[in-house]
Amino acid sequence: MLYLIGLGLGDAKDITVKGLEIVRRCRRVYLEAYTSILTVGKEVLEEFYGRKLILADREEVEQEADNILKDADISDVAFLVVGDPFGATTHSDLILRATKLGISYRVIHNASIMNAVGCCGLQLYKFGETISIVFWTDTWRPESFFDKVKKNRQNGMHTLCLLDIKIKEQSLENLIKGRKIYEPPRYMSINQAAQQLLEIVQNQRMRGEEPAVTEKTLCVGLARVGAEDQKIATGTLQQMSTVDLGGPLHSLIITGDNMHPLEMEMLSLFSIPDNSSESC
């Protein structure tokens, strides 16, 4: 059987008891290593689980999934995912591939950023469509996702922004030359996301458009949700461009209009001080 097991958001101990029992009896255990990260490394997980882990990068999962599924019809194979297994569409594809091969599967769920964002006090049922904010390049600066933010705000809904992660990425030169040389990992910060959003706001104004978000729009920055050093900060989009929330992973929420008084009261607990460059 193929087991897809969520690891939660914090450290090695966030795996469920059920998930841990399965990991310890599987023949092979893969660790998905590109859609998110925990606060601890592979070695710490191996020590706690009592099992060796096989790192599975994007290329292997998306292009060489048969290697992961090999013999899963006659033995148990575990595929570990930070957060919940269905936090990325890639993992649905793995299930579809297994099903076509006649391999049974089982999912062990866990906490995900999609529900853990409730820690800031915003009500989960008032979130609209989630968006991703990617690193801009000199030649690629997408703004199309902003339409979804506009639609959410028009409906009074909050927008969860998942920030870009670059793991095992190749430079254009190395990609063209076929060299397996990879860039250092990069994780988008709240500051970088806010700065890109502010530029989109300016671009829309220059085109004569009325932006759905302004420098004064209330936002929430979250860092390392689920970890012991979790950070939350509430302030304007302009303040988010300078606030320091420390290391990855970061997420950003753009709030909707007409918030409930309880939401406002909860957000006030995390207000950014007047000097927004200070660490929260």
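Me: Where is L9 found?
Reply: This is a predicted model, and the placement of L9 follows from its strands and helices. β1 spans residues 2–6 and α1 spans 17–25. L9 is therefore outside both elements, in the loop between β1 and α1.

Me: Is L9 buried or exposed?
Reply: Buried residues have a relative accessible area under 20%. The contacts of L9, leaving aside residues up to four places away in sequence, include D14, L38, G83, A111 and V225. Because its relative accessibility is 16%, L9 counts as buried.

Me: Which residues does the UniProt annotation "binding site" cover, and which of them does the lining of the largest pocket include?
Reply: The annotation comes from an unreviewed UniProt entry and covers L9, D84, G87, S112, I113, L163, V225 and H250. Of these residues, the lining of the largest pocket includes L9, D84, G87, S112, I113, L163, V225 and H250.

Me: Is G87 buried or exposed?
Reply: G87 is found in the loop between β4 (77–81) and α5 (89–100). The relative accessible area of G87 is 55%. Exposed residues have over 50%, so G87 is exposed.

Me: Which strands stand at the edges of the sheet with the order β3-β2-β4-β1-β5?
Reply: This open sheet has 5 strands, and its pairing is parallel. An edge strand has a single partner strand, so one side of it is left without a neighbour in the sheet. The strands in that position are β3 (54–56) and β5 (105–108).

Me: What is the bridge partner of I5 in β5?
Reply: Strands of a sheet pair through backbone hydrogen bonds, either parallel or antiparallel. β1 and β5 pair in the parallel sense over 4 bridges. Across this pair, the partner of I5 is I108.

Me: Which are the edge strands of the sheet with the order β6-β7-β12-β10-β11?
Reply: This is an open sheet of 5 strands with mixed pairing. Its neighbouring strands are turned by 25 degrees against each other on average, direction ignored. The strands that pair on one side only are β6 and β11.

Me: Which residue in β11 stands opposite G221?
Reply: The strands concerned, β10 and β11, pair in the antiparallel sense over 6 bridges. Opposite G221 stands A233.

Me: Why do the buried residues of α7 line one face of the helix?
Reply: The buried residues in α7 (146–154) are F146, V149, N152 and R153. An α-helix has 3.6 residues a turn, so residues three or four places apart point the same way. Seen down the axis of α7, the buried residues line one face because they fall within an arc of 115 degrees.

Me: Which exposed residues does the face of α7 turned away from its buried side carry?
Reply: The buried residues of α7 are covered by elements including β6 (131–133), β7 (159–163), α9 (190–206) and β12. On the face turned away from that buried side, the exposed residues are D147, K151 and Q154.

Me: Which residue with a positive phi follows α7?
Reply: The phi of this residue is near 70 degrees. The residue is G156.

Me: Is R224 buried or exposed?
Reply: R224 is found in the loop between β10 (218–223) and β11 (231–236). Its phi is positive, about 55 degrees, although R224 is not a glycine. With a relative accessible area of 10%, R224 is buried.

Me: Is N258 buried or exposed?
Reply: N258 lies in the loop between β12 and α11 (261–268). Although not a glycine, N258 has a positive phi of about 60 degrees. Because its relative accessibility is 70%, N258 counts as exposed.

Me: Which residue does a cis peptide bond join to L249?
Reply: L249 is found in the loop between α10 (237–240) and β12 (250–254). The omega of the cis bond is about 0 degrees. The residue joined to L249 is P248.

Me: What separates the C-alpha atoms of T35 and A88?
Reply: T35 is in the loop between β2 (28–32) and α2 (42–49), and with a relative accessible area of 28% T35 is partly exposed. Leaving aside residues up to four places away in sequence, T35 touches A88, H91 and I165. T35 and A88 are 53 residues apart along the chain, and their C-alpha atoms are separated by 7.3 Å.

Conventions. Residues numbered from 1 in each chain as written. Predicted model: local features only at pLDDT ≥ 70, side-chain atom pairs only at ≥ 80, totals over all residues. Heavy atoms only, no water. Helix = DSSP H or I, 4+ residues; strand = E, 2+ residues; numbered from the N terminus. Buried < 20%, exposed > 50% of the residue type's maximum accessible area, 1.4 Å probe, protein only. Contact = heavy atoms within 4.5 Å. Arc of directions from axis to C-beta. Pairing = 2+ DSSP bridges. Axes fitted to C-alpha atoms, helices over the stretch in contact; angles between N-to-C directions. UniProt positions renumbered as here; feature names shortened; annotations may be inferred. 1 Å grid on protein atoms, 1.4 Å probe; cavity = no way out; pocket = protein on both sides within 12 Å on 5 of 7 lines; lining within 4 Å.
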